[in-house]
Amino acid sequence: MAAIKWGHFRAQFHCHLNAVFMLCFFMDVELARSFLEIVSSGSFIRASERLNVAQTTVSARIRSLEQQLGRQLFVRHKGGASLTPAGEQFLRHAPMFVQLWQRTLHQVAVPPGSRAVLTVGSEISIAEPLLLDWVRWMRQSLPDVALHVHVDVPQDLIDQVASGLVDVAIMYAPQHRPGLKIDLLMEEKLVLVTTDLEARLAGSIDYAHIDWGPDFTFHHGMNFPDVAPDLFMDLGPLALSYILSVGGSGYFRMSAVQPHIEAGRLHLVPETPQFSYPAYAVQSANADEAVVAPAMAGLHSVLNGDVF
């Protein structure tokens, strides 16, 4: 009986402790929000108006935040407020802190009829068709998992996976960071294609140089040292649409240009190098494996052509 009472008391204590922790976390987020509002508006007065609270409340929040950090964050002056060096450093982390709390709220607020929430994402250049097909598979095969789908640039995307804002992201050449699980998905090839069969070299005036990352830039320079293109693009799908509309040549993913090659709109330029461009799945260390594992199995099924 004593053991049962102690177990019940311990459970109640942990529940109470978790509630206190969540309350403190919420309060800290409010401090971070006030900090960001001051940075955005440039003054304590305007920040209080935007937050719909008294100026004294905003001032008290910043004092509390400065006490916790042990550093002064703002210098007040007639024009408003400016950041101290410590404030500049905190500005690097505050948005992530607020975003993580917002993500937590989304995860807790699981929609009725769903057992979990999964946030997946990809780079813009791989969103179609791979991410699209993956989302279609999950909606059909995992109907009890609510989905948040996110598309972003590589640097921001890897930050969001590392911080737990995104559970799994499909990426090319991800940065290796502690706490991330990176799995090879497929070995893409970058191939030189053209709308003009007479175009034999990447140095022609209609050549578009696409930024496929530092590895591609290095190997491209090694193979075409004399090429000085006057058209640069950093988004493959945009460059492909441009080439198809006005003509020209460029390096693109084979999977993206294959339908156009088969239709006769594009042609592989013979005797030119092809470059490896592997795609990876990057997973947050904090992701729920019970939800992520079946989703990843579905992604591999999509890649193998087992569905649709």
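**Note on strand pairing, helix 11 and the largest pocket**

1. Val 193 stands opposite Gly 250 in strand 9. Helices (H or I, at least four residues) and strands (E, at least two) are DSSP runs, numbered from the N terminus. The model is predicted: local features need pLDDT of at least 70 and side-chain atom pairs pLDDT 80 or more, while totals for chains, interfaces and linings use all residues. Residues are numbered from 1 along each chain as its sequence is written, and side-chain values use heavy atoms, without hydrogens or water.

2. Strand 6, at residues 180–194, runs antiparallel to strand 9, at residues 249–253, and 5 bridges join the two. Two strands count as paired if DSSP finds at least two bridges between them. Strand 6 also pairs with strand 11 (residues 275–284) over 10 bridges, again in the antiparallel sense. Within that pairing, Asp 183 has Ala 281 of strand 11 as its bridge partner.

3. A further antiparallel partner of strand 6 is strand 10 (residues 267–268), with 2 bridges. Here Thr 194 is matched with His 267.

4. Helix 11 covers residues 289–303, 15 residues in total, and reaches 20 Å from first C-alpha to last. That is close to the expected 21 Å at 1.5 Å a residue, the expected span being 1.5 Å times one less than the number of residues. At the start of the helix, a side-chain oxygen of Asp 288 comes to within 3.1 Å of the backbone nitrogen of Ala 290. Just after helix 11, Gly 305 has a positive phi of about 75 degrees.

5. Which residues of helix 11 are buried? They are Val 291, Val 292, Ala 295, Met 296, Gly 298, Leu 299, Ser 301 and Val 302. Buried means under 20% relative accessible area, exposed over 50%, and partly exposed in between (1.4 Å probe, protein chains only). The buried residues of helix 11 pack against strand 3 (116–123), helix 6 (127–141), strand 4 (145–152), strand 5 (168–172), strand 6 and strand 11.

6. The largest pocket holds about 680 Å³ of space. Of its 30 lining residues, Glu 123, Pro 154, Trp 212, Gly 213 and Tyr 277 are the closest to its centre. On a 1 Å grid over the protein atoms alone, a pocket is an open set of points where a 1.4 Å probe fits, with protein on both sides within 12 Å along at least five of seven lines; lining residues have an atom within 4 Å of a point. The volume is the space filled by probe spheres set on the points.

7. Strand 11 gives the largest share of that lining, 5 residues. Helix 7 (154–163), strand 5, helix 8 (214–223) and strand 11 each supply at least two residues.

8. Two loop residues have a positive phi without being glycine: Ala 173, at about 50 degrees, and Glu 271, at about 60 degrees. Ala 173 lies between strand 5 and strand 6, and it counts as exposed because its relative accessibility is 57%. Glu 271 is in the loop between strand 10 and strand 11; at 77% relative accessibility, Glu 271 is therefore exposed.

9. Is Thr 84, in the loop between strand 2 (80–83) and helix 4 (85–91), buried or exposed? Thr 84 counts as buried because its relative accessibility is 10%. Leaving aside neighbours within four places in sequence, Thr 84 is in contact (heavy atoms within 4.5 Å) with Gln 72, Leu 73, Phe 74 and Val 75.

Note on methods: A polar contact is a pair of N or O atoms within 3.5 Å; within protein, one must be able to donate a hydrogen and the other to accept it, and residues adjacent in sequence count only if both atoms are side-chain atoms.
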